[in-house]
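The following exercises concern one protein chain. Each task is followed by a solution in steps.

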Amino acid sequence: MAPGLGHTAHQVASDIHLEQAPPLSLQTQSSDLRGFLERREGSTLRAWLLHFDRNHDQKISLTEFTRGMRKLGYPGDVSAVFNTLDVDQSGEISLEEVDAFAATLWRNFRAWCVASFESPQDMLMKMSEVTEATDTVDKSCFTEGARKLGWEDGYEDVLYHSIDDEDHGCIAAVNIKWLETEKKQQKRKEQARARALSERARRTAERKAIANVQKDFKKFLKKKYGHFVRAWRRSLSGDGSMLLQKTDLFKACARMGWPGDVRLLWRAFDPDDSGAISIEELDVKSAESIALFHRFVDQHFGNTSVAFRAFDRSNTKKLRQGEFLSALKSYGFTEPTKSLFQALDFEGNGYIVEEDLFFLDRWRPPAFLVAAPNPQAAEEVKALLLVTYRSYLRAWRQCLDVDSSNRVYWNEFEAACRKLKYTGDVAGAWRALDEDLSGFITLHEIDAVVGDQLAGFKQWVEEEFGGAKSALKVFDGDGSHQVSFREFRRGCRTYGYHQDVHGLFHALDVETSGHISTNEVAFLDEWTAGDPEPPPTPLTEPKTGSSGPEDDSVVQPPLPPGLTFYETDGPGPARYNVPTTIGAGPLAPTIHFSGAYTFRRRPPRQLLPGVAKDASDTPSPCTYDDERSRVAVFPSKPVCVFGTEPRHAIEAQVRLSDEPGPGHYLLSRRIGGQPVTLSPRRPLRKHPLFRDTFYVPPA
């Protein structure tokens, strides 16, 4: 058994947590220090600003802490107190490690000042409610001014006495000089955010385009073929293979007449860069259905020919849907069968022939398609990851998600298990992790806590800086293109991230070098963490057989072969209330004709009532030959002459619709006489010898 498999992931995580737990005296030490500072200065915040953080950089070193404690007359071991508070052994402590409530109050007040004032002088002028520059603000003006200007967190007295650290009875510009530093940091952050937003917008648009092209293509296949497997076998993979190469996809799209971007389509269906598309990447539900049938045939019959002859009890060489479903039920096949029948019906004719099943003999489906979920195997894999890499995030980045996409597909998971030398039920572990059968797993499915932490950090850096790389550039104060733990921690605290910075830094530091470069956080910008994708639209099937346990709702049958379905997403001709055009005149010459006529053979001639059947034997006007008289009167064929008076057209009643479209626009009536058409006169044909004797009109 591989190391670590004797314990579950929860047991291993508990052991690691106990190893990394802070000393038990931390809470007691923090409480004692807060009490000492409050007794000396009235509040922890005032003591912090007056004796420790004199440069307002939100952190103090051991030297600063020692100097402040000696000034306050602390009788104990200062170094021991500092080491107890410095849990992450960074050599620095912040106000949050001493008094979390005071740290939150001071952080919110500084953020409010940055958003409300442009400079220290602007803050003093607005709080004193004067139009001219002022040098100081007393307590009453500070308290009332803060409330009127929108400060809602209270504790104005604590804030005033903390800022007035020298007890001058007023606040001057020198007391709030930290506001200038805060404004510079805010400006730097906004500049970095503006640079990152354009790149973020490009990535978002690209991901949206890939998702849309995949959705449109699958919709196109369903409309044209009725089932994804039928579309795969008939158009995508003509040779019966269950793998599709890039050139084959391009040629298939050209044959089908799909007008979309085939390069984006390839990126959508090959996210793992394997170089080939399999049927489960097109639609995993359909692939699972035929994979289960494939296993059933192998276990009960050995091959598809024997299975077809067993199903074809009447020896008609064809299996209708009812006969197919009945045969599967009699042999104990319990999986859904209606979708399976549509997948196997190659031509879409409503029956299956023996040749339609031959592709199953050559197909070797992935193991996870027929595996049952195995939660115990999933726990063993997670425990092995934790033992090997000490944290789920480091295991995720170094072993599972090697391409930093926050999505691990089956082939990547299988390769990771081989790397871990795990020999258990790999397919069962995958099915237990991929509960929704989406075809991939994320960090959240490995460790929900770490996944939520990283998703929260990603959301924070995108809101504040536009992205993770942009945030790291802001944190990099010395321009070394890498950030140490102190710089990372200082940047997070300065700009308002107050979660587990220590654990996050060491998880991001994959190389354990003590520094983070922009390349090590770039994967966060490529993550698709956010709103979950909508579930795939269930495939509709025509109701062609007997009812069963599955959904048998009546749906639209697929189109016959050779026909293409066209549709529009927006309003089209079917949305407009088009007026009738029967007998319409020139007022509406372009309106589509909406009448209906039927052409059929002329019915046989029937005799009039009262006319005998042998009446045709007697002379009648039809029996006289008037050819000789007509020739004498008319030397040529009769000619019909039409009058020049224009016919009065029957105008259609134009009914305006609520939406723009045909029939909504009124055309102006043409003023003038009879409309005519002019065309060039056809030249006379004559013998070459007589060309000069006739007049030839100019061209």
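**Exercise 1: Helix H30 and strand E12**

The buried residues of helix H30 pack against helices H11 (178–225), H22 (392–400), H26 (448–464), H27 (468–475) and H29 (501–508), and against E12. The model is a predicted one, in which local features need pLDDT of at least 70 and side-chain atom pairs pLDDT 80 or more, while totals for chains, interfaces and linings use all residues. Residues are numbered from 1 along each chain as its sequence is written, and side-chain values use heavy atoms, with hydrogens and water left out.

Task: State which residues of H30 are buried, and describe the surroundings of Ile516 in strand E12.

Solution.
- Step 1. Helices (H or I, at least four residues) and strands (E, at least two) are DSSP runs numbered from the N terminus. Helix H30 covers residues 518–526, and strand E12 covers residues 515–517.
- Step 2. Buried means under 20% relative accessible area, exposed over 50%, and partly exposed in between (1.4 Å probe, protein chains only). In H30 the buried residues are Glu520, Val521, Phe523, Leu524 and Asp525.
- Step 3. Ile516 is counted as buried because its relative accessibility is 0%.
- Step 4. Contact means heavy atoms within 4.5 Å. Apart from neighbours within four places in sequence, Ile516 touches Leu472, Gln482, Val483, Phe505, Leu508, Asp509 and Val521.
- Step 5. The C-alpha atoms of Ile516 and Phe485 are 8.1 Å apart, with their positions 31 residues apart along the chain.

**Exercise 2: Aromatic pairs**

Task: Classify the ring pair Trp112 and Phe117, and determine which helices the pair Phe217 and Phe269 ties together.

Solution.
- Step 1. Rings of Phe, Tyr and Trp (its six-membered ring) pair if their centres lie within 6.5 Å; planes under 30 degrees apart are stacked, over 60 edge-to-face, and the rest tilted. The count under this rule is 34 aromatic pairs.
- Step 2. Trp112 and Phe117 have ring centres 5.4 Å apart and planes at 90 degrees, so this pair is edge-to-face. Trp112 is buried at 12% relative accessibility, and Phe117 is buried at 1%.
- Step 3. Phe217 and Phe269 also form an edge-to-face pair, with 5.9 Å from centre to centre and 70 degrees between the planes. Phe217 belongs to helix H11 and Phe269 to helix H14 (residues 262–269), so the pair ties together parts 52 residues apart in sequence. Both residues, Phe217 and Phe269, are buried.
- Step 4. A cluster linked by ring pairs comprises Trp106, Phe109, Trp112, Phe117, Phe142, Trp151, Tyr160 and Trp178.

**Exercise 3: Salt bridges**

Task: Compare the placement of the salt bridges Glu118 with Lys183 and Lys126 with Asp122.

Solution.
- Step 1. A salt bridge is a side-chain nitrogen of Lys or Arg within 4 Å of a carboxyl oxygen of Asp or Glu. The count under this rule is eleven.
- Step 2. Glu118 and Lys183 are bridged at 3.9 Å, N to O. Glu118 lies in the loop between helix H7 (100–116) and helix H8 (120–128) and Lys183 in helix H11, so the pair ties together parts 65 residues apart in sequence. Glu118 is exposed, at 60% relative accessible area.
- Step 3. Lys126 and Asp122 are bridged at 3.4 Å, N to O. The two residues are four positions apart in helix H8, so about one helical turn separates Lys126 from Asp122. Lys126 is partly exposed at 36% relative accessibility, whereas Asp122 is buried at 12%.
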